[in-house]
Amino acid sequence: PLSFYQLQFVAKVVSILSNTTVGQKAVIFNVKVVDEPLRARIKGGSTRTVPIVPAAAAYSLQIDASSSMDPGYPSSPESLSFSWSIYDSSTNTESQLVSTSAVISLSTSQLVSPKSMLSLSLN
C-alpha cells in the first residue's frame, strides 16, 4: 500500500553557560513510501509444455520458484507464502491446493487434461 509520512527535524543551539536556547530551526520532510509488486520467478521460465501421458507412463516434474522475491524485503525470502494449484481451462475449475512450498514435485498424472495449467500465487 501507498503510505505518506511527515517527518519534522528540529535543531537547537543551547548555551552551555546559561543552559538556554540561543537558536532553533525546524525542517519538515514529506516522505512517500510505495510498495513494489512481488516478483514470481520460476527456474527454467514461466511456461512449459508437458505431454499428457497414460498414468502408467507418468513421470515426476519439479518446479522451483525459490528465486521469487519481495523487493521490499529482498533478503527475507521466508516472508513469501506460495500457493500452487492446478487449473483446468476446459472445465474452468481449479483443483485443490497442490503445495505451499517454493519448490514442488508433482506427477504428470496430476495434469488430468490437455488444458491443465499449474498456477502459482505469491503473498
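**A buried aspartate, a nonpolar core and an aromatic pair**

Let me begin with Asp64, which in this predicted model counts as buried, because its relative accessibility is 17% and the cut-off for buried is under 20%. Asp64 is found in strand E3, and its side chain is joined to the side chain of Ser66 by a polar contact of 2.6 Å. If we leave aside the neighbours within four places in sequence, Asp64 is in contact with Arg41, Ile42, Lys43, Ala102 and Val103.

One of those partners, Ala102, brings us to the largest nonpolar core, which has 12 residues in all, among them Leu61, Ile63, Ala102 and Phe82. Which elements give two or more residues to this core? They are strand E3 (60-64), strand E4 (82-88) and strand E6 (103-107), and E4 gives the most, with 3 residues. As general background, nonpolar side chains tend to be buried together in soluble globular proteins.

Within the core, please find Phe82, which, again leaving aside neighbours within four places in sequence, is in contact with Ala65, Ala102 and Leu122, as well as with others including Ser68 and Thr100.

Finally, let us turn to the aromatic rings, where the structure holds 1 aromatic pair. The rings of Phe9 and Phe29 have centres 5.5 Å apart and planes at 75 degrees, so this pair is edge-to-face. Because Phe9 lies in strand E1 (residues 3-14) and Phe29 in strand E2 (residues 21-33), the pair ties together parts that are 20 residues apart in sequence. Are these two residues buried or partly exposed? Phe9 is partly exposed, with a relative accessible area of 46%, and Phe29 also counts as partly exposed, at 42% relative accessibility.

Key. Residues numbered from 1 in each chain as written. Predicted model: local features only at pLDDT ≥ 70, side-chain atom pairs only at ≥ 80, totals over all residues. Heavy atoms only, no water. Core = buried A, V, L, I, M, F, W, Y, C linked by side-chain atoms within 4.5 Å. Buried < 20%, exposed > 50% of the residue type's maximum accessible area, 1.4 Å probe, protein only. Helix = DSSP H or I, 4+ residues; strand = E, 2+ residues; numbered from the N terminus. Contact = heavy atoms within 4.5 Å. Phe/Tyr/Trp six-rings, centres within 6.5 Å; stacked < 30°, edge-to-face > 60°. Polar contact = N/O pair within 3.5 Å; in protein donor to acceptor, adjacent residues only side chain to side chain.
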